[in-house]
Amino acid sequence: MMTATPKNVVLELDNLNKFFGGVHAVRDMTFTISRGELAGLIGPNGAGKTTIFNLVTGVYSPDSGHINFLGEDITFLKSFQIIRKGVARTFQNLRLFPRSTALENVMVAMQQHHGYSFGEAITHMGKWGKKEREIHLNSMDILDRVGLAERAHQESGTLPYGMQRRLEIARALALEPEFLLLDEPAAGMNPEEVNELNDLIVGIHEEFNLTILVIEHHMDLVMEICPHIICMNFGAKIAEGNPDEIQEHPEVLKAYLGEEVEE
Amino acid sequence: MSGYTEGIIILLCINAIAAMGVSLLTGFTGIFSLGHAAYMAVGAYTTAILTVEYGVHYIPAILLGGAMAMIVAYVIGVPTLKLMGDYYAIASIGLGETIRLILENWQSLTRGARGYPGIEGYTTLYVSLGFFAVMAFGMFNLIHSRFGRAFKSCRDDYIAASLLGFNTARYRVLSLVLSAFYCGVSGALLGGFLSFIQPIMFDMIKSTELTSVVVFGGLGSMSGTLIGAAVITLVTELFRPISQYRMLIYGAVLVIIMVLRPEGIMGQYELGPRFFRMLKNRFTKESSEKEGEPS
Amino acid sequence: MKRTCIAVLVLAVVLCLGAGAAMAADTVKIGYLAALTGDWAAYGQTEANTAQLAVEEINAQGGLLGKQVELVVYDFRTRAEDAVNAVRRLAEEDKVVGIVGANGSGINIATAPLVNRYGIPQIGTVSTNPLVTVDQKGKVRPFSFRVCFTDPYQGKLIAYFSAIELKRMNAAILYDVGSDYSQGLREFFMKSYGEYGGKMVADLGFRGGQDVDFRAQLTEIRDKKADVLILPNMGKEMALIMKQARELGMDDIIFVGGDGYAEFMWEIAGDAMENSYWINHVSPEDPAMAPFFASYKAKYNDECKEFVNGILGYDGMYLMFDAIKRAGKADPKLIAKALSETKDLQLHHAVITFDEFHNPLDKDGIIIVAKDGHGQFYMKIKPE
Amino acid sequence: MDTFLQQTINGLSLGSVYALIAVGYSLVYSILLFSNFAHGGFLVIGGYICYFALKSMGVSIWVAGFLSLLGAGFSAVLTERLAYKPIRERTNVTLYLLIASMGMSIVIENIFVIVVGGRFRALPPVIPTHPVHLFGLATTSAFDILSLLAAVFFLGALQLFLIKTKWGLAIRAAAYDLKTAGLMGVNVNLLISIVFFVAGFLAAVGGIFLSVRYTLYPQLGMITIKAFVAAVIGGLGSLPGAVVGSLILGLAEMLTAGFISSQLRDIVVFSLLIITLLIRPQGLFGKNISEKV
């Protein structure tokens with residue numbers, strides 16, 4: 001059993017609750033993610049997985065409970081403040097900038113770490129040239145890493161679907177985060193693409209020394225790559241553990257297979 | 001150069017400066033405003049009062065006019081820019097009209113609706129060209145920098161932008177404040193061009209014209225904005241001999257452009273290699289489609 | 001579809017350019033600034049019509065200096081920046097020898113520096129603000145003139161008529177805060193009215209153009225027991241105010257208005273017009289104007305209902321014709337000089353002598369009384 | 001007290017005219033989610049048709065009014081077909097519709113400037129305007145009472161149309177979600193045409209009343225900016241909101257002008273607009289707006 005000392009805890013959810021009108025979308029959610037983990041968050045449609053992401057990244061505020069990131073309370077911070085602390089995420093429904101090129105999409109994220117002043121921006125003097133080159137080169141590197149270098153100058157909205165998914169991951173990586181949240185990265189992909197994606201996720205996990213939390217609807221994908229899995233249904237956590245434990249867990253089986261369990 | 005051409009060029013520069021400001025706000029940040037003539041009014045009045053009553057040299061006075069417009073925009077923008085989409089557009093009508101009404105009623109300062117006469121005619125061809133060149137340079141640089149990308153991401157998807165670490169609220173305010181500066185300077189130059197200003201010059205019709213120019217040229221294209229400003233200014237001049245029909249043509253052009261090419265003349269492209277590449281792709285595609293048709 | 005539209009546009013541009021180039025014949029060119037579109041379109045269109053009428057009349061008599069007169073009318077859509085470019089075009093492209101118009105002080109003040117730089121005389125038609133012909137330091141603008149009287153003079157006329165002739169000493173005024181004309185008249189009226197011993201009981205404003213409902217202000221005026229209501233506004237607003245006042249049961253108050261009077265007001269206000277008084281430059285009943293009204297009707301098959309603008313535009317043209325004749329040469333500078341020396345010139349509506357500030361000297365004020373469905377001549381006044 | 005009552009009556013009668021225009025705005029907004037700035041044009045068209053029918057054809061006010069309502073209704077449909085339909089079929093950016101509607105309003109205004117001239121005209125006194133004394137406390141004109149009644153009548157009829165008829169139901173469904181309504185087999189184009197027809201129809205009612213009360217000229221459409229503000233205060237897309245907003249605005253205008261200062265009247269109107277937007281952007285009766293992530 002892993003002992004989570006405060007030092008290597010990346011994310012800690014403490015009794016989190018969220019209501020939408022009368023719907024209890026997240027119920028007493030508590031879990032921790034440790035540094036270096038590749039964790040999975042699973043559950044049937046409408047279980048509240050994306051809501052958790054939205055709470056963690058400040059899109060919504062919880063009605064009660066706390067969220068700690070690297071030992072710091074981020075419960076009521078705004079999205080951009082949370083992102084700047086080292087969090088990055090992708091979206092279930094792609095949120096690329098479809099009319100910008102793939103490269104521009106990545107550069108937008110990359111520039112967070114290569115700032116220059118307003119004066120330099122309007123005169124194109126000072127650090128502007130150096131920093132813009134850095135942004136450009138580093139962005140190309142990341143595109144190259146996810147296999148999109150050749151498509152750098154194509155408008156992202158015109159890329160094939162699987163590539164758009166990879167581009168979103170590239171954009172999140174460009175934020176140089178410590179903690180990456182992937183929201184159904186494999187949605188709508190064919191099996192071959194899913195395999196490539198698995199390799200990519202495992203690859204970047206090691207390469208960038210990241211902590212990753214993946215939402216996945218398909219259990220098999222998560223089982224393959226995530227040693228730590230949290231399963232939720234109707235807003236509440238129903239199980240947590242390694243793939244084997246999860247696979248055996250009666251609540252999980254019930255949630256996923258419904259009536260079939262009784263047969 | 002004849003004075004008439006000169007007059008057109010000066011007016012063109014003035015219109016283009018204001019249009020660039022509105023373009024940054026509407027085209028690049030996605031905030032639709034129908035009250036920007038009010039910032040022109042603030043700039044014009046500030047500069048007029050500074051030059052006439054305090055004898056300030058016109059160049060610092062113009063810049064202070066722009067700065068005053070920025071201050072007004074900041075004070076207004078912080079609370080109201082929380083509104084999104086149509087709602088800000090509607091609020092901006094109210095804001096613009098309110099500013100104008102205040103200028104009209106503050107007689108001790110602005111001399112009210114009778115107008116403010118006796119402004120030095122400082123807006124010569126070279127002054128207007130100079131301001132235009134410097135401000136266009138700054139604007140083109142700005143949109144080709146991290147700020148430009150930030151504005152565009154706030155426009156395209158403000159939730160995604162804030163999840164890329166952008167303080168979207170701050171960028172929206174920044175964009176408004178900068179656009180107010182451009183409009184303020186433009187208003188100040190207009191005051192120097194006419195030697196006389198009246199609050200009624202900066203009414204909603206003027207604001208609508210500014211926004212139309214930007215949409216006409218292409219949302220998200222600075223060179224499109226300049227082309228739009230040029231076309232609209234020239235159309236009103238060219239059709240001067242058929243004066244009665246001029247406004248009808250202006251309205252019709254606006255509708256036709258929206259119907260045929262809603263994304264504006266330039267779309268979101270700048271006049272550059274990428275635009276021509278797009279054009280080329282389009283034409284080759286069109287012709288190949290035609291070839292494919294059964295005859 | 002797309003191509004046709006572009007083709008039509010290109011064709012239109014070419015035609016316009018061509019039209020400009022084709023007019024290079026040997027004529028005396030006079031420019032006219034008229035608001036043909038926008039809020040003042042009704043007035044601008046009438047002025048353009050009467051100016052054209054004047055040109056046809058003079059051409060029928062052989063023109064000026066042995067040449068035909070050509071009128072170049074430009075619209076300025078009530079915007080000063082547009083008027084400025086129109087003036088530049090008139091001066092540079094059309095090379096006019098003089099400009100008549102515009103019908104708004106704000107426009108004339110904005111174009112004044114320009115015509116004085118070009119050295120082309122400009123005659124304002126109903127531009128009554130003092131700053132049209134003098135700059136703010138009180139120095140006369142050598143090339144700016146007007147054919148109407150000024151706001152201070154008109155304000156004084158209204159005050160004199162209300163206090164001395166009508167003996168009404170409790171005045172209310174309802175003016176347009178957005179109009180320079182209205183504000184000017186108000187200021188000068190109030191000054192003179194006090195001097196004649198009158199008392200202002202209500203001084204209220206509204207916003208022209210947008211406001212069409214004045215009952216709130218009228219209710220207050222009613223409660224303050226004013227016995228005369230001064231209306232220094234445009235025709236539409238004045239008509240609405242009178243109509244609404246009568247609807248509110250204000251039966252005893254007398255309306256005294258400025259030169260915005262127009263016949264179309266009867267259509268709006270109806271019986272509420274009866275027994276109201278109007279200070280004016282001209283009277284539509286003036287026998288001297290009958291031929292003008294007849295020829296207007298003959299040419300345009302329409303009554304000249306905006307007759308103040310119509311007549312002042314018409315006589316503005318005749319004032320210009322006279323100066324060109326006396327200058328003896330189609331030279332703007334000589335024409336301006338001739339204009340400033342205008343003395344005892346009999347125009348259709350009045351005799352004009354310019355004072356040192358290019359304002360018609362002591363023009364008689366005409367009082368029109370609204371009676372039996374139209375405006376009738378009541379008296380001439382000249383305040384002491 | 002008398003004055004207060006008087007100003008209140010003045011405010012209500014002004015508000016009722018705003019309401020007729022505001023409802024049309026709101027109706028179009030509820031379906032297409034854009035502010036139709038050409039709406040004022042329909043009002044002008046209605047006014048002129050009525051004017052010329054009365055003056056040149058010499059028909060009775062009922063016939064003239066009927067022609068005017070139909071004419072304005074059909075020109076609204078035509079405007080939609082010519083200018084808005086091609087745009088909404090190509091893109092879902094409502095901004096373009098907004099700009100096109102501004103262009104249309106300029107076009108309509110200037111067609112009238114050219115064809116009939118800019119002159120101010122007034123309809124013959126077909127609607128009585130003589131003063132009516134209310135219990136000896138206040139005075140109003142017969143016209144105000146009639147315009148209030150007409151507003152109540154037409155808005156009531158509209159409400160019945162929306163509740164009782166098949167098309168009314170379809171319109172209400174489309175106001176929730178146009179796309180889904182289309183998928184459910186509603187003929188969307190016909191539906192939008194009907195909505196524009198109704199909007200133009202009501203605008204013409206407002207146009208006739210405005211032309212009688214005030215005057216008729218090509219720029220009369222500008223007055224709709226106030227009705228538009230009223231629609232926003234009440235909540236864009238909400239019909240009861242448009243009516244309530246209009247009455248609030250009429251009252252606010254009259255009471256400000258009567259008791260504070262007539263110069264502040266418009267400043268109060270626009271401040272009311274801004275304050276409403278800041279506190280409750282969806283207006284008094286509007287649907288809540290939020291985006292799903």
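These are my notebook entries on what I looked up in this structure.

**Entry 1: confidence**

I began by noting that the model is predicted. I turned to chain C and its confidence. The mean pLDDT of chain C is 85, and 93% of its residues reach 70 or more. Where in chain C is confidence lowest, and where is it highest? The low end is helix H1 (residues 2–22) of chain C, with a mean of 49. The high end is strand S8 (residues 228–231) of chain C, at 94. I then looked at residues 15–24 of chain C, where the pLDDT is below 50. Beyond near neighbours in sequence, this stretch has seven contacts in the model. I left it there, because predicted coordinates should not be read in detail where pLDDT is low.

**Entry 2: salt bridges**

I looked up the salt bridges next. The count is 36 over all chains. I picked out a few.

One of them pairs B:Arg149 with A:Glu132, with the closest N and O atoms 2.9 Å apart. This pair crosses between chains. B:Arg149 belongs to helix H7 (residues 146–156) of chain B, and A:Glu132 to helix H5 (residues 128–145) of chain A. Both B:Arg149 and A:Glu132 are buried.

Another salt bridge joins B:Arg100 and B:Glu97, at 3.1 Å from N to O. How far apart are B:Arg100 and B:Glu97 in helix H4 of chain B? They are three residues apart in that helix (residues 85–105), so about one helical turn separates them. I checked burial too. B:Arg100 has 2% relative accessibility and counts as buried. B:Glu97 is at 4% and also counts as buried.

I then went to C:Glu81, which forms a salt bridge with B:Lys206. Their closest N and O atoms are 3.1 Å apart. C:Glu81 lies in helix H3 (residues 80–92) of chain C and B:Lys206 in helix H10 (residues 204–217) of chain B, so this pair joins two chains. C:Glu81 is buried, at a relative accessible area of 4%. B:Lys206 is buried at 4%. I followed the links outward and found a network of salt bridges: B:Asp203, B:Lys206, C:Arg79 and C:Glu81.

**Entry 3: aromatic rings**

I moved on to the rings. A search of the whole structure gives 36 aromatic pairs over all chains. I took C:Phe149 and C:Tyr153 as my example. Their ring centres are 5.7 Å apart. Why is this pair called tilted? The planes stand at 55 degrees, and tilted covers what is neither under 30 degrees nor over 60. C:Phe149 is buried, at 1% relative accessibility. C:Tyr153 is buried as well, at 15%.

I also noted an aromatic cluster in chain C. Its members are C:Phe292, C:Phe293, C:Tyr296, C:Tyr300, C:Tyr314, C:Tyr318 and C:Phe321.

**Entry 4: charges over rings**

I looked for charged ends over rings. That of A:Arg171 sits over the ring of A:Phe97, 5.1 Å from the ring centre. That of B:Arg146 sits over the ring of A:Tyr116, 5.5 Å from its centre.

**Entry 5: cysteines**

How many disulfides does the structure hold? I found zero over all chains. I checked two cysteines. A:Cys231 has its nearest cysteine sulfur, that of A:Cys226, 13 Å away. A:Cys231 is buried, with a relative accessible area of 0%. For B:Cys183, the nearest cysteine sulfur is that of B:Cys13, 15 Å away. B:Cys183 is buried too, at 0% relative accessibility.

Conventions:
Residues numbered from 1 in each chain as written. Chains lettered and ligands numbered in written order. Predicted model: local features only at pLDDT ≥ 70, side-chain atom pairs only at ≥ 80, totals over all residues. Heavy atoms only, no water. Salt bridge = Lys/Arg side-chain N within 4 Å of Asp/Glu carboxyl O. Helix = DSSP H or I, 4+ residues; strand = E, 2+ residues; numbered from the N terminus. Buried < 20%, exposed > 50% of the residue type's maximum accessible area, 1.4 Å probe, protein only. Phe/Tyr/Trp six-rings, centres within 6.5 Å; stacked < 30°, edge-to-face > 60°. Lys NZ or Arg CZ within 6 Å of the ring centre and 35° of its normal. pLDDT = per-residue confidence, 0-100. Contact = heavy atoms within 4.5 Å. Disulfide = S-S within 2.5 Å.
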